[in-house]
Amino acid sequence: MSTSDNDEPSPDDKAPLWIYVKKIEKQARGGSWRFECKFCSKTYVGSHSRVVTHLLQEGVKGIKRCLQVTPQQRDRMKKLVNDCKERIKRAAPKTVPLPSSSKKAYESSLDYDMSYKVPNVSESDSKKRKWMSTPLKKVFNNEAREQCDGEVARMFYTSGLPFNLARNPHYRKSYVRASHILGYVPPGYNALRTTLLQKERKNIETHLQPLKDSWKHKVVSICSDGWSYPQRRPIFNLIAANESGPMMLREVNTQGETKSGEMIAEMIIECIKEAGHENVVQVVTDNASNCVKAGALISAKFPTILWTPCVVHTLNLALKSICTPVHNQRSNEDVYDACYWIKSVSEDVTWIKNFIMNHGMRLVMFTEHCDLQLLTIASTSPKWDDYKEDGVERASAVKKKILDEMLWDELEYDLSFTLPIYSVIRAAD
Ligand SMILES: [Zn+2]
């Protein structure tokens, strides 16, 4: 705003002439203001249409015309009003006909718009059935079906709804239900975000009550973990679990906050209080240092509650130090000596994997032979010879590597002890 202080304020397309008067005081009623005309300096009360009447002498009555506006100024203002009207008209959404296979339906859909009326079917059932069986009705029905499909599809496209929504069982069920209620209109924006949401929340809470009741006699663990949304928003979730089942207690968006031990402890303690501290036997977190600290803080406050580091995370760390051992730690020397060779095997495998996945043609070769072994492709695929993409040398290096028996022996040996750990992680996760 400050940059255009010297210019005339840009007019609002819907009420452009406000810029020629000074708004003094908002009136309680609608869009009315007490305003002062910038030409004649007289004060009036009214909405934009009164301003138009005062300045242009057109429209509603009930206000004196301005005597200070020159004909040239009036013409300019009239042009402004017309330009604005034109702009609004252009900006209005255009009605695009729904796609249709038959020419006739296409024509009839040209005047199709959002105010489409649900056909008023008041005829008796027997009459309807008779009408249904006529060929004309069949055609009409097919067209209506096609139009309905098009409308549903367009709802997805224009709102950017994920196609996965079509797999949501409630999606299909809602339409089936709607088709049984004549004249049904789906809930609007406000109902969805207020009454219906509250109703569903209450409903879920009622259904979770038995689970909550089980915490008293079966005790409960509180598990927490941090993860990221696809949009990289950090989320910290807290779950209460016992043999009756898990229940999500909280999901906290921790964007822009440092997840200190104190902060995590605070979130967990809140949940402990909610579940009743006498019912909670343990708190499970991962092994990050802030969580270790949070665990210590909680154990200090509630001596009866155990802190347990997460099994999955522990095993993950174990796998990581096996597969990518680091030499810089002294305590790690034994591990490094025993496992350094795995690092090079894993690097080779990653390299081959990237080589295959990163380029279309290689991936085609791979998927064509996916149920056979990589080995077969390496030795027999004639496509290696037509390989004209970038990095022919890399291609032959990959081929050599895949045919290298040492690699496969090492891989087999490596998997013999990492696979069990991996399956425990998958089972526990
Ligand atoms: Zn005036």
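Which helix is Ser-289 found in? Ser-289 belongs to helix H10. The model described here is predicted.

## Overview

The protein has 429 residues, and 10% of them count as buried. Its secondary structure consists of 16 helices and eight strands. Among contacts with a separation of 6 or more, 47% are between residues 24 or more positions apart.

## The five-stranded sheet

Five strands make up an open sheet, and their order is S6-S5-S4-S7-S8. The pairing in this sheet is mixed. S6 and strand S8 (306-309) are the edge strands, each pairing on one side only. From one strand to the next, the twist averages 20°.

In a regular strand, side chains alternate between the two faces of the sheet.

## Strands S4, S5 and S6

Strand S5 covers residues 234-242 and strand S6 covers residues 245-253. The two pair in the antiparallel sense over eight bridges. They form a hairpin, with two residues between the strands. Several bridge partners can be named along this pair. Asn-242 is matched with Gly-245 in S6, Leu-238 with Arg-250 in S6, and Asn-237 with Glu-251 in S6.

Strand S4 (residues 220-228) also pairs with S5 in the antiparallel sense, over eight bridges. One position in this pairing is Ile-222, which stands opposite Ala-240 in S5.

What lies across S4, S5 and S6? Helix H8 (residues 195-218) does, and it runs at about 65° to S5.

## The nonpolar cores

How many residues does the largest nonpolar core have? It has 18 residues, and Ile-222 and Ile-268 are those with the most contacts inside it. The elements that give two or more residues to this core are S4, S5, helix H9 (261-275), strand S7 (280-285) and helix H10 (289-301). H9 gives the most, with six residues. A second core, separate from this one, has 11 residues, including Leu-17, Tyr-20, Cys-66 and Val-69.

The contacts of Ile-222 can be listed in full, not counting residues up to four places away in sequence. Ile-222 touches Leu-238, Ala-240, Ile-268, Cys-271, Ile-272, Ala-275, Val-280 and Val-283. Two of these names have already come up in the strand pairings: Leu-238 has Arg-250 as its bridge partner in S6, and Ala-240 is the residue in S5 that stands opposite Ile-222.

## Back to Ser-289

Is Ser-289 buried or exposed? Ser-289 counts as exposed because it has 8 C-beta neighbours inside 10 Å, and a residue is exposed if the number is 12 or fewer. Helix H10, where Ser-289 is found, is nevertheless among the elements that give two or more residues to the largest core.

Ser-289 can also be placed relative to Ser-260. The two are 29 residues apart in sequence. In space, their C-alpha atoms are 9.1 Å apart.

How values were computed. Residues are numbered from 1 along each chain as its sequence is written. This is a predicted model: local features need pLDDT of at least 70, side-chain atom pairs count only at pLDDT 80 or more; totals for chains, interfaces and linings use all residues. Helices (H or I, at least four residues) and strands (E, at least two) are DSSP runs, numbered from the N terminus. A residue is buried if 20 or more other C-beta atoms lie within 10 Å of its own, exposed if 12 or fewer, and partly exposed in between; C-beta atoms are placed from the backbone. Two residues are in contact if their C-beta atoms, placed from the backbone, lie within 7 Å. Two strands pair if DSSP finds at least two bridges between them. A nonpolar core is a set of buried Ala, Val, Leu, Ile, Met, Phe, Trp, Tyr and Cys residues joined through C-beta atoms within 7 Å. Axes are lines fitted to C-alpha atoms, for helices over the stretch in contact, and angles run from 0 to 180 degrees between N-to-C directions.
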